[in-house]
Amino acid sequence: MRIRTLALAAATAQAATGLTASVAGAATTAELPSVRTDFNHDGYADLAVGLPNASVSGVSKAGYVNVVWGSESGLGAHGSTRISQATAGVPGTPESGDRFGASVTTADMDGDGHTDLVVGAPGEDVTGKGTDAGTVAVIHGSATGFATGSTAADGPAASAAYGKSLVAADFTGDGKQDIVIGATDKVLLQTGATTTVFMGDHMGGRAPVLAAGDFNHDGTPDVAVTYYTNSQPYTQSQIRLSAWSESEQRLLNYWNSSNGTASAFAVGDFDGDGYTDLAMGNCRENADENIDDPCGPEQYTKGGGIHIQYGDGTGQFWDRQETFNQDTPDVPGTAETGDNFGNALTVADLDGDGYDDLIVGAPGEAIGSRAKAGAITVLRGGKDGIVNTEGKAVGVGIQQDTPGIPGVAEAGDLFGASLTADDYDGDGLPDVTVGSPGENGSLGAAWQLRGAEDAPADAFSPSTLRLPSSVNPLQYGSVFPTTP
């Protein structure tokens, strides 16, 4: 059976013509996923990029979100909009160190058909609460761009840092969107006007990694959380799944991988069986507690291992799993310490065969002698998942020296540090956006790899979008939305 194949790989003759090439046997547009994030409801996906280090009106690290509008030409052709605490209708005032845009997620919070923007500002000083209490704001999408905003949650005390990480979904099953908020040593559920802690532990001062998906197959999204500490005050790591309990009216932990942690999550259906799978990027053991292989066989953690837990109809999420890295047959590249293979992940059915494909970022990948130039790898899903019964994958590697990709791989670019996918040009084919926050001396940039055969890859940056200068490096492309 002929399928759409990746066209941005050096190994193909179609490298300059788009992410996928349409041929006989490909899925029709009607079979492909709809637009996920569309703030103005015009049929084109939009991209929200967080710039927490950006200056606003000369205020250092006040931060803003740059919304790049989708169009028939993809991202950037119709410009972009900056959303900050100086924007009319957005709660708060730009202050030094607020870091508005440190986390971003999207959902239709008010049910009006327009995607809304949810933004974390973990450095926000909240009156009566203290320094760095943090805040989470919702800015509502509308036909003209954005309407009013409101505060979803404020941190209750100094250093609470609400908004370190975010993900939104209907976790309670009541038909309304909820927000899970990562904070200092806590993860909280915000539903309606109520914010409650459902997980509390030492998290090493880092933002817990979050994702949403129906992992136990009960019809309601669950929350995936991972974090770790090193002697703060003890060494530990966790990967946990929690689901809403109707009887107890709270999120309860039902699956736990002690001693394992991950840098990224991706949710999809890689084996096409209709059940949700969870990919854990750069999954690794963090401490020796005599718990064997929390992220699969230890040899696959070199350079960054990907561990996938496959869902099934029984809800026994942990029954089937697979682990691989760049030493797995037919995964491009070689596993090397510091590659950070899996530090970023996203999912899309790029070839339209009904199996989700996994796109993996390795921002630490060296290209020749150029350290941390970065690369991404696209791995095709199939009936056995990402790795087949012979222990092989089907993958293709892409970096800035790949024919058809703009730019040149340079040391420190960190190409692949962030990833997301949606249909930005409205053609029914998924497109992939790649962040490169180290590009141009940490000014940063993003690459758009479009799905159509005749659509060239292109890049956009603070310069091309005419964003204002900043006291601190913008690192554009370091923060993309957390998506289910």
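Let me begin with a term: a residue is called buried when its relative accessible area is under 20%. Please keep in mind that what we are looking at is a predicted model.

With that cut-off, Asn-259 counts as buried, because its relative accessible area is 0%. Asn-259 sits in the loop that runs between β17 (250-258) and β18 (260-261), and its side chain makes a polar contact, at 2.9 Å, with the side chain of Glu-285.

Glu-285 also belongs to strand β20 (residues 277-285), the strand that holds Cys-283, which brings me to the disulfide. A search of the whole structure finds 1 disulfide, and that bond joins Cys-283 to Cys-295 with an S to S distance of 2.0 Å. Cys-295 lies in the loop between β20 and β21 (305-310), so the pair ties together parts that are 12 residues apart in sequence. The torsion about the S-S bond is about -60°, and the disulfide is therefore left-handed. Both cysteines, Cys-283 and Cys-295, are buried.

Let me turn now to Glu-322, which is placed in strand β22 (residues 320-324). Is this residue buried or exposed? Glu-322 counts as buried, because its relative accessibility is 11%. Leaving aside residues up to four places away in sequence, Glu-322 touches Ile-306, His-307, Ile-308 and Tyr-310, and also Asp-384, Gly-385, Ile-386 and Val-387. Although Gly-385 is 63 residues apart from Glu-322 along the chain, their C-alpha atoms are separated by 8.6 Å. The side chain of Glu-322, finally, reaches the backbone nitrogen of Ile-386 at 3.0 Å.

Key: Residues numbered from 1 in each chain as written. Predicted model: local features only at pLDDT ≥ 70, side-chain atom pairs only at ≥ 80, totals over all residues. Heavy atoms only, no water. Helix = DSSP H or I, 4+ residues; strand = E, 2+ residues; numbered from the N terminus. Buried < 20%, exposed > 50% of the residue type's maximum accessible area, 1.4 Å probe, protein only. Contact = heavy atoms within 4.5 Å. Polar contact = N/O pair within 3.5 Å; in protein donor to acceptor, adjacent residues only side chain to side chain. Disulfide = S-S within 2.5 Å.
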